[in-house]
Amino acid sequence: GNTLFANFTIHSNLNYSGKPKVVMGAEQIKTPTLEPFGQLDVEWQQYLTDTIIWQMSNQGFTTHNIYFYEDEIKAEISQSRFQKPIYAIDLASRILANNSPKNIKKITVINLDMGVETLRATVSRDKLVKAVSKGGLPEDYLAFNKHSVINSEAIVRENENLYPSFTWNIKPHANGTIQHQQEFYFWQLEALVSAIYSIRKGLYMTTEVGIDIANNFDGYTYHIPDGKLYHARQNRRLYLTQGESGLRRMQVDYVFSINKDVTAKITGGILEWMYGGIGGEVLYIPDNKPWAIGVETYWVKQRNYDQKFTFLDYETLTAMANFYYDMPFYNLR
């Protein structure tokens, strides 16, 4: 009699991905005129290498190494431009095909994330030329190969200007916490300055600093959680209010492959808002399997609330096992 109730429902088919956000255009690949790479003089070899690296960078790709062996050209790249790897493989393969010597029949693109190989795709140059003359490169034209050791007779050209390198960005970032008896939601808008110093392949230092812009923290009395258990995670409001601006993260990561199926990471530094420490993960991710399993462990010490370099007394050892599985529907992991 005195209550109004309403609801709403949204229907959707999660299996429908919608129209593609990226449409690859058609391109006529150049007819090769260069002699095999090993037969070029030093100046031409350097020019060809620099051209490939420069054209890759124009597409938002970072080139690590370029390999020439028999009738195949390979390039190791990193990219964050495309969510779907096929678009990056398509563009990178076109660049390699446009700059390939006459003897090249196979083109391979190797994707690296944090210095570790995560994907390797090979396409016949002839198939590539025919496909991209009409539009995008079909994914079924690619052979997704297992990780393989580079032949000792291959000619390797490194990107000599890649390491060390420094990149940074600044972006708006929101913090918040709920469930307080005086205010349902405490919010903060900050400028988050992020910087990555790439020391060498697989070795990186990441730093994040938050600079307060606006918040609604003032004018309230903050309840301190009681109980006898140590406040391992309960003092989030103290970190927000006493560290309105501060160092959110400063850590060094070393990521490396133990073998083709096992990858490891060692991490140390200020890991997050509340804790710093040292630890790492070992990840077993076999080729052509829909699953992976990892084990990680960290020794951590609790940070002070002001978000600087001091620590509280609490320290502990934490560990967990992680299981990853690629679901057979909706492209979910």
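The following dialogue considers how terms are applied to a predicted model.

Mentor: This is a predicted model, in which local features need pLDDT of at least 70, side-chain atom pairs count only at pLDDT 80 or more, and totals for chains, interfaces and linings use all residues. Residues are numbered from 1 along each chain as its sequence is written, and side-chain values use heavy atoms, with hydrogens and water left out.

Trainee: Why is glutamate 70 called exposed?

Mentor: Exposed means over 50% relative accessible area, buried under 20%, and partly exposed in between, with a 1.4 Å probe and protein chains only. Glutamate 70 has a relative accessible area of 58%, and therefore counts as exposed. This residue is found in the loop between β1 and β2.

Trainee: What makes methionine 114 partly exposed?

Mentor: Its relative accessibility is 40%, so methionine 114 falls in the class between the two cut-offs. Methionine 114 lies in the loop between β3 and β4 (116-124).

Trainee: What is phi in glutamate 70, and what is phi in methionine 114?

Mentor: Phi of glutamate 70 is near 55 degrees, a positive value in a residue other than glycine. Methionine 114 also has a positive phi near 55 degrees. Most residues other than glycine have a negative phi, and most peptide bonds are trans.

Trainee: Which peptide bond is cis?

Mentor: The bond from tyrosine 163 to proline 164 is cis, with omega near -10 degrees. Proline 164 belongs to the loop between β6 (155-158) and β7.

Trainee: How do you know that the length of helix α2 agrees with its number of residues?

Mentor: Helices (H or I, at least four residues) and strands (E, at least two) are DSSP runs, numbered from the N terminus. The expected span of a helix is 1.5 Å times one less than its number of residues. For the 14 residues of α2 (residues 85-98) this gives 20 Å, and the end C-alpha atoms are 20 Å apart, so the two agree. As to its surroundings, α2 is mostly covered, with 13 of its 14 residues buried.

Trainee: Why are β7 and β8 said to pair?

Mentor: Two strands pair if DSSP finds at least two bridges between them. β7 and β8 have 14 bridges in the antiparallel sense, so the condition is met. One bridge joins threonine 167 to isoleucine 196 in β8. β8 and β9 pair over 12 bridges, also antiparallel, and leucine 189 stands opposite alanine 214 in β9. The hairpin of β8 and β9 has 2 residues between the strands, and there glycine 202 takes a positive phi near 90 degrees.

Trainee: What makes β7 and β14 edge strands?

Mentor: The open sheet of 8 strands has the order β7-β8-β9-β10-β11-β12-β13-β14, with antiparallel pairing. β7 and β14 (311-325) each pair on one side only, and are the edge strands.

Trainee: Why is a space called a pocket rather than a cavity?

Mentor: On a 1 Å grid over the protein atoms alone, a cavity is a set of points where a 1.4 Å probe fits but cannot get out, whereas a pocket is an open set with protein on both sides within 12 Å along at least five of seven lines. Lining residues have an atom within 4 Å of a point. Grid points are joined across faces, edges and corners, and a volume is the space filled by probe spheres set on the points. The second largest pocket has a volume of about 690 Å³. It is lined by 25 residues, and those closest to its centre are Thr62, Ser78, Ile196, Ser198 and Tyr204. β7 gives the most to this lining, with 5 residues.
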